[in-house]
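User: Please take a close look at the enclosed space inside this protein, and describe what surrounds it.

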Amino acid sequence: MTSHENVQAASTLDAALAELDLVDRLRLVEGLGGRAVFTTSLGIEDQVITAAIGLSNVAIHVATLETGRLFKETLDLIAETEERFDVTIARYYPEQDDIDAYAAKYGLNGFYESVEARHACCHVRKLVPLAKALEGATVWITGLRRSQSGNRATTPFAEYDAERNLIKVNPLADWSLDDINAYVSAEAVPINPLHARGYPSIGCEPCTRAIKPGEPERAGRWWWENDEKRECGLHVPEAAVPSLNSSSL
Ligand code: SF4
């Protein structure tokens, strides 16, 4: 399809998804054919989608980006979730050469020192594995919600991702946190114990802290960066990444 046709197809899908509940949204995606990949960070929204996939048996590939810097609680939750819902969560890892090149240039924890270094780390540990997870995919499913943060307020149900040449589907776009919590309770979905300790949004351990009462849900992510649009490049265009002299970058 041409780029224009892909945009049109995503718009049509967006309108159709808006009328459906979560399981039927996933079934509609399944019915499109092609390879549909759901990437989970094991956050509470993603746990809802994994549960719905497992409980409804839809043919959607579930993948996670195992950055090498995740909380132990997150790693434990991967195994628990696979067993609870009889799903396989495929792990995609960074390239060791990339990690070595990053550490040589910035230091292992150089991401605290500059936005450039932080983006370079997210590129190595998240964007490169994501590209591997999405190889051959025609649809990419995420757990984005509009009420998570200001820059996610206009998240559609479906949009054409021109950079990756696929349709990106966000089946929880219109869900509130209360909706999420109600589903988790109704289906006894296992969730990361860190949520109960003040972590509504959980990423890599060195880059996530608990939030204070009243703070936005994602305030604990890259908290040292004074920027309302803090993201890792998965869901917004990636910032320019300097060369690390690594073959896979
Ligand atoms: Fe690196 Fe932090 Fe990004 Fe994880 S969240 S990839 S540790 S900069």
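Analyst: Since the model is predicted, what follows describes computed geometry. A convenient place to begin is a helix pair, in which Leu22, Val23, Leu26 and Arg27 of α2 meet Val48, Ile49, Ala52, Ile53 and Ser56 of α3. Sorted by class, this contact of α2 with α3 consists of seven nonpolar residues, one polar residue and one charged residue. Helix α2, which covers residues 22-31, packs against α3 at an angle of about 70°, and the two axes lie 10 Å apart. Because angles of 65 to 115 degrees count as roughly perpendicular, α2 is described as roughly perpendicular to α3.

Helix α3 also leads to the enclosed space itself, for α3 supplies three residues to the lining of the largest cavity, the largest share of that lining. Searching the whole structure gives two cavities of 30 Å³ or more, and the largest cavity holds about 520 Å³ of space. Its lining is made up of 33 residues, of which Ser41, Asp46, Ile202, Arg221 and Leu234 are the closest to the centre of the cavity. Two elements, α3 (44-56) and β2 (61-65), are the ones that give two or more residues to this lining. In chemical terms, the lining of the largest cavity divides into 14 polar, eleven nonpolar and eight charged residues.

The second largest cavity contains about 90 Å³ of space. Around the second largest cavity lie Arg69, Phe111, Cys121, Cys122, Arg125, Lys126, Cys204, Cys207 and Trp222. By class, the lining of this second largest cavity comprises six nonpolar and three charged residues, with no polar ones.

The cysteines named in that lining bring in an annotation from a record, since UniProt, in an unreviewed entry, lists Cys121, Cys122, Cys204 and Cys207 under "binding site". Although these four residues span 87 residues in sequence, no two of their C-alpha atoms are more than 11.0 Å apart, so they gather at one spot. Of these annotated residues, Cys204 is included in the lining of the largest cavity, and Cys204 is also listed in the lining of the second largest cavity. Along the chain, Cys204 lies in the segment that follows α7 (177-187).

Taken together, the enclosed space comprises two cavities of 30 Å³ or more, with α3 giving three residues to the lining of the largest cavity and the annotated cysteines Cys121, Cys122, Cys204 and Cys207 among the residues that line the second largest cavity.

Key. Residues are numbered from 1 along each chain as its sequence is written. This is a predicted model: local features need pLDDT of at least 70, side-chain atom pairs count only at pLDDT 80 or more; totals for chains, interfaces and linings use all residues. Side-chain values use heavy atoms; hydrogens and water are left out. On a 1 Å grid over the protein atoms alone, a cavity is a set of points where a 1.4 Å probe fits but cannot get out, and a pocket is an open set with protein on both sides within 12 Å along at least five of seven lines; lining residues have an atom within 4 Å of a point. Grid points are joined across faces, edges and corners, and a volume is the space filled by probe spheres set on the points. Helices (H or I, at least four residues) and strands (E, at least two) are DSSP runs, numbered from the N terminus. Ala, Val, Leu, Ile, Met, Phe, Trp, Tyr, Cys and Pro count as nonpolar, Asp, Glu, Lys and Arg as charged, and the others, Gly among them, as polar. Axes are lines fitted to C-alpha atoms, for helices over the stretch in contact, and angles run from 0 to 180 degrees between N-to-C directions. Angles under 35 degrees count as roughly parallel, over 145 as roughly antiparallel, 65 to 115 as roughly perpendicular and the rest as oblique. Contact means heavy atoms within 4.5 Å. UniProt positions are given in the numbering used here, feature names are shortened, and annotations may be inferred rather than shown by experiment.
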